[in-house]
Amino acid sequence: MPDFSYARERMVEMQIARRGVRDAFVLDAMRRVPREAFVEPGFEEFAYEDSPLPIGEGQTISQPYVVAFMIEAAEVKPGERVLEVGAGSGYAAAVMSRIAGKVYAIERHEALAKAAQRRFEELGYDNIELRVGDGSRGWPEAAPFDAILVAAGAPGVPEALKERLAIGGRLVIPVGEEASQTLLRITRKGAASYEEESLAGVAFVPLIGEQGWVEDGRRSASNHLPGQSRGRTLPEMIAAAAEPLPAIDDPAFAEPFDRFANRRVVLLGEASHGTSEFYRARAAIARRLIERHGFTILAVEADWPDAAAIDRYVRHRPARKRAEPPFQRFPTWMWRNTDVAAFVDWLRARNENVPEPERRAGFYGLDIYNMSGSIAAVLDYLDKVDPEAARVARERYGCLTPWQREPSTYGRAVLTGGYRKCEQAVIEQCQELLRRRLEYAAQDGESFLDAAQNARLVASAERYYRIMYYGGPDSWNLRDTHMFETLEHLLEARGPGSKAIVWAHNSHIGDARYTDMGVMREELNIGQLCRERFGGEAALIGFGTHTGTVAAASDWDGDMEVKRVRPSRPDSYERLCHDTGVPSFLLDLNRDQALRRRLLEPRLERFIGVIYRPESELMSHYAEASLPQQFDAYVWFDATAAVTPLGPEHARPGAPETYPFGL
Ligand code: SAM
């Protein structure tokens with residue numbers, strides 16, 4: 001049999017630890033039990049996939065994360081006596097047997113029980129006692145138990161199982177109709193007192209038996225007290241925790257966001273690159289944070305040299321001569337739209353009334369795609385401050401000249417065509433500029449910051465286009481690391497007390513460790529890096545919508561179209577928000593702990609970028625995430641509309657040629 005130890009280690013790290021399971025006993029036990037021995041012959045290579053698998057008799061071996069989550073929730077400790085109802089393959093019992101003193105396991109299908117028993121024997125796990133039967137009544141002779149895990153969904157909590165708990169014992173059990181089960185933890189506090197908590201939404205096969213369902217899906221007659229409440233549905237819980245938002249242009253819209261005003265960095269996401277509500281809401285929040293709470297940095301998912309043109313305009317600094325008009329490249333509507341233009345006008349007017357330059361808020365770009373714009377900006381700068389250095393820089397950047405128009409061809413040319421690699425030249429150029437920081441910055445600190453950032457960008461972009469050729473997570477990680485470091489440079493440049501707002505897609509600002517990006521693809525992002533660097537001083541705020549229209553292209557470099565956004569899928573977080581019936585709200589994901597726990601279990605979330613392909617929406621735009629871990633808060637607009645791109649009618653006769661959008 002092949003060696004699965006690497007796959008097992010990876011499963012524990014990526015699927016379990018990263019999703020928040022911390023219990024060292026559980027992680028250690030999951031590392032030790034060979035899951036490949038518990039799947040059907042022929043399925044070994046899938047044993048470490050992030051999903052349940054068939055084990056025969058219409059039953060499944062649970063998803064590894066769910067097994068870990070349940071054992072952690074049951075707080076299984078060394079030496080304890082544990083009961084599992086629904087042993088199935090025997091995997092969960094095996095994992096618990098590596099922690100507990102003794103595990104009792106019941107399985108109603110004889111064939112499954114026999115296979116599980118054989119596995120325990122082969123592996124030498126001799127502290128598990130397994131029997132065939134109906135576990136919904138428990139195992140009275142072996143009671144009391146310190147922990148009971150039920151691996152099948154019951155209509156209600158079986159009284160018989162509660163009674164088999166020791167005082168202080170924990171019962172973890174999925175309860176509810178098949179489509180909407182909730183994982184509950186019942187803790188026995190005294191002879192007749194129990195505490196009940198909701199942990200997460202789950203999907204298990206049914207518990208069939210006296211205190212469960214009958215085979216045809218009806219409740220068994222004796223299974224639980226009539227009228228017993230199964231708790232509120234998830235949309236009901238979200239609706240109760242949601243803070244409804246007024247219209248975006250209402251002055252009170254951004255008030256609830258004051259709770260984030262003392263953070264160092266407030267990251268505002270978007271679920272598409274072409275939705276007006278996301279831009280306008282972020283603008284309203286940014287206005288409030290800038291006006292009332294001293295934020296002076298707005299860093300956006302735009303290219304640095306393009307955003308710099310806007311920054312000069314909004315901070316009343318002279319425009320760069322000979323600079324290209326900003327935002328000429330695909331996707332132009334991302335920054336050339338009426339919502340951004342309105343915000344830029346506001347920021348310029350606001351800064352005009354702020355006499356101290358250090359209190360004026362700037363508009364900065366974090367992204368790396370305009371390499372030729374950055375090269376031009378460095379050369380322009382050096383032409384002014386140090387013509388000899390400009391000559392050397394021209395020579396160095398000359399290496400990239402053939403690729404400036406189509407930088408994506410550079411990587412292939414260097415790696416397969418034997419063309420000269422420009423790495424050394426661009427790094428040297430960046431280092432030299434930074435070495436002369438004191439000398440240059442003494443003349444004009446702002447212009448130096450701009451030039452230094454452009455030189456860093458050229459160095460990052462050169463590497464980006466080379467490693468992009470290989471595919472894999474490295475190019476994404478380089479881009480997001482560059483964006484994060486740019487943010488750090490800005491905070492540093494604006495002084496110790498400075499505070500920043502970030503506007504970028506949810507995929508950049510939601511913590512990647514709790515989405516498929518981190519779990520499946522080893523990708524990181526700005527949100528994750530901000531949490532690692534700033535801890536609780538970073539607020540990660542995601543945005544979402546159910547349906548409406550969006551501005552997007554069908555293919556890269558294609559024309560902008562206004563497309564219909566399909567209603568969100570029934571198995572998505574978006575649908576839970578839609579089902580609240582609240583048209584727009586702020587959901588603080590750290591306030592209601594019971595809700596947070598129920599939302600933890602990963603679900604689908606929709607990601608629309610500059611491209612939207614409704615016809616293959618599930619494949620192209622949905623990924624799994626654990627919303628309350630990905631974000632600190634979530635902003636919801638049930639129905640949304642596409643942004644309006646700036647057309648020729650928006651050109652402003654007589655406006656200075658520096659005006660970013662009048663060109
Ligand atoms: N923990 C198992 C594993 O890791 O393989 C997963 C088991 S599967 C999700 C649930 C199991 O519960 C099925 O094998 C099913 O036959 C069993 N089951 C359902 N009702 C039961 C009952 N009343 N008593 C015992 N087992 C039951």
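These legends walk through a few close-up views of a predicted model.

**View 1. The two domains of the chain.** Let's start with the overall layout. The domain assignment places residues 66-231 in domain 1 and residues 239-643 in domain 2. Between the C-alpha centres of domain 1 and domain 2 there is a distance of 47 Å.

**View 2. Where domain 1 and domain 2 touch.** Here we look at the contact itself. On one side are eight residues of domain 1, in contact with five residues of domain 2. Together, the two domains bury about 630 Å² between them, and 49% of that area lies on carbon and sulfur atoms. Within domain 1, look for S198, L199 and G201, the residues that lose the most area to domain 2. Those three together make up 50% of what the domain 1 side buries.

**View 3. A salt bridge between R597 and E197.** Now zoom in on a pair of charged side chains. The side chains of R597 and E197 form a salt bridge, with 3.9 Å from N to O. One salt bridge is found across the interface of domain 1 and domain 2. Three residue pairs are also found in polar contact across this interface, both residues of each pair at pLDDT 80 or more.

**View 4. The elements on the domain 1 side.** Which elements give two or more residues to the side of domain 1 that touches domain 2? They are helix 3 (64-73) and strand 9 (194-202). Strand 9 gives the most, with five residues. Sorted by class, this side of domain 1 has four nonpolar, three polar and one charged residues.

Conventions: Residues are numbered from 1 along each chain as its sequence is written. This is a predicted model: local features need pLDDT of at least 70, side-chain atom pairs count only at pLDDT 80 or more; totals for chains, interfaces and linings use all residues. Side-chain values use heavy atoms; hydrogens and water are left out. Domain bounds come from an automatic or database domain assignment. Contact means heavy atoms within 4.5 Å. Buried area is the accessible area (1.4 Å probe) that two parts lose on being put together, summed over both. A salt bridge is a side-chain nitrogen of Lys or Arg within 4 Å of a carboxyl oxygen of Asp or Glu. A polar contact is a pair of N or O atoms within 3.5 Å; within protein, one must be able to donate a hydrogen and the other to accept it, and residues adjacent in sequence count only if both atoms are side-chain atoms. Helices (H or I, at least four residues) and strands (E, at least two) are DSSP runs, numbered from the N terminus. Ala, Val, Leu, Ile, Met, Phe, Trp, Tyr, Cys and Pro count as nonpolar, Asp, Glu, Lys and Arg as charged, and the others, Gly among them, as polar.
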